[in-house]
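Please read the following report alongside the sequence and the three-dimensional structure, which are shown here.

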Amino acid sequence: MDTFFLSHGSPTLSIDETIPARHFFQSWLPAAVAGSEPPRAILMVSGHWETATPAVNVIRGRNDTIYDFYGFPKSMYKLKYPAPGAPDLAMRTKELLEQGGFGPVKEDRSRGLDHGAWVPLMLIIEKKIHNSHTQYENPGSATADRDGTYHYNLRKALAPLRNEGVLILGSSSATHNLRKIGPTHSPVAEWASEFDNWFKDALLGGRYDDVNRFEEKAPYGKMAHPRADHFYPLHVALGAAGDESKAEQIHQSWSNATLSYSSYRFTAKN
């Protein structure tokens, strides 16, 4: 089963029909593009859950909906996405990570789904396919000595899940500098466009080591991602697909001058 990196951009994607990426998410059907069979579960890696060490979300029953954003329209705080947890997948994820030398892995039994998980899932899954969902954390993203290569290698440990009916999704943003965003329909900033073009060329050209070291290799890397937390889910999806995977861009659009919704599919080498 293929893996995917999805740029969810602004939380207003959940309600704003004028954001082009919303229509992409609503029309995208992972059951068709990820393999011949619908996934039995989804492993969602969000850029909005940071921990010092790896952790898995072990939820029995329904996930709570976390509103980890502030100052947005009241209607957004009424949205619910009570996806069922997938505790067996969480424990399998923990097992694979610890076998790969990335333990100990913490079990979180209370956290729900943050907007990096529920906003895209609500648009993708609703009325299309019904699965168990789990959210897996973005480990070490707030730790100075953890970088893209670390996350890439960590997620290589999760590769067996692709053959176990699990759809692996990394959800964050191709660009994420909140201090530089503009009005919704502003022209795209030159620096953001240049970074996004480099990102696309590097992925499609198979230069994955450059992507892992984007802060030193990419033009405006630090401008596009002042903190790397919103780029690490990309390394997760990329690493889980394997070293010789093939990248394909499945969507590209913009909002707010600097928010790229570039999204990618990674197909493992047979």
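The sections below go through a strand, some individual residues, the aromatic pairs and a pocket of this predicted model.

## Strand β1 and its partners

Strand β1 covers residues 3–7, and 5 of its 5 residues are buried, so the strand is largely enclosed by the rest of the structure. The covering applies to both faces, since Thr-3, Phe-5 and Ser-7 on one side are buried, as are Phe-4 and Leu-6 on the other.

Two strands pair with β1, and they do so in opposite senses: β6 runs parallel to β1 and is joined to it by 5 bridges, whereas β10 (residues 263–267) pairs with β1 in the antiparallel sense over 3 bridges. Phe-4 takes part in both pairings, standing opposite Leu-169 in β6 and opposite Arg-265 in β10.

## Leu-169 and Ser-173

Leu-169, which is found in strand β6, has a relative accessible area of 1% and is therefore buried, the cut-off for this class being under 20%. When neighbours within four places in sequence are left aside, Leu-169 is in contact with Phe-4 and Leu-6, and also with Trp-28, Ile-42, Leu-43, Met-44, Val-45 and Leu-121. Another residue to set beside Leu-169 is Leu-234, which is 65 residues away in sequence, while the C-alpha atoms of the two are 8.8 Å apart in space.

Ser-173 is found in the loop between β6 (166–172) and α6 (190–204). Is this residue, Ser-173, buried or exposed? With a relative accessible area of 0%, Ser-173 is buried. Leaving aside neighbours within four places in sequence, the residues in contact with Ser-173 are Phe-5, Ser-7, His-8, Gly-9, His-225, His-230 and Phe-231.

## Trp-49 in strand β2

Trp-49 has its place in strand β2, which spans residues 41–51. Its relative accessible area is 5%, and Trp-49 is thus classed as buried. Trp-49 and Arg-111 are 62 residues apart along the chain, and their C-alpha atoms are separated by 9.6 Å.

## Aromatic pairs

The model contains 17 aromatic pairs. One of them is formed by Phe-69 and Trp-118, whose rings lie 6.4 Å apart, centre to centre, with 50 degrees between the planes, an arrangement that counts as tilted. Phe-69 lies in the loop between β3 (55–57) and α3 (87–99), and Trp-118 lies in helix α4 (residues 115–125), so this pair ties together parts that are 49 residues apart in sequence. Phe-69 and Trp-118 are both buried.

Ring pairs also link a cluster made up of Phe-5, Phe-195, Trp-198, Phe-199, Phe-214, Phe-231 and Tyr-264. Phe-5 and Phe-231, which belong to this cluster, are also among the residues in contact with Ser-173, and Phe-5 is one of the buried residues of β1.

## The largest pocket

The volume of the largest pocket is about 470 Å³. Its lining comprises 26 residues, of which Pro-11, His-48, His-176, Leu-178 and His-230 are the closest to the centre of the pocket. What is the make-up of the lining of the largest pocket, in nonpolar, polar and charged residues? The lining divides into 8 nonpolar, 13 polar and 5 charged residues.

His-230, one of the residues closest to the pocket centre, is also in contact with Ser-173, and Ser-173 itself is buried.

How values were computed: Residues are numbered from 1 along each chain as its sequence is written. This is a predicted model: local features need pLDDT of at least 70, side-chain atom pairs count only at pLDDT 80 or more; totals for chains, interfaces and linings use all residues. Side-chain values use heavy atoms; hydrogens and water are left out. On a 1 Å grid over the protein atoms alone, a cavity is a set of points where a 1.4 Å probe fits but cannot get out, and a pocket is an open set with protein on both sides within 12 Å along at least five of seven lines; lining residues have an atom within 4 Å of a point. Grid points are joined across faces, edges and corners, and a volume is the space filled by probe spheres set on the points. Ala, Val, Leu, Ile, Met, Phe, Trp, Tyr, Cys and Pro count as nonpolar, Asp, Glu, Lys and Arg as charged, and the others, Gly among them, as polar. Helices (H or I, at least four residues) and strands (E, at least two) are DSSP runs, numbered from the N terminus. Buried means under 20% relative accessible area, exposed over 50%, partly exposed in between (1.4 Å probe, protein chains only). Contact means heavy atoms within 4.5 Å. Rings of Phe, Tyr and Trp (its six-membered ring) pair if their centres lie within 6.5 Å; planes under 30 degrees apart count as stacked, over 60 as edge-to-face and the rest as tilted. Two strands pair if DSSP finds at least two bridges between them.
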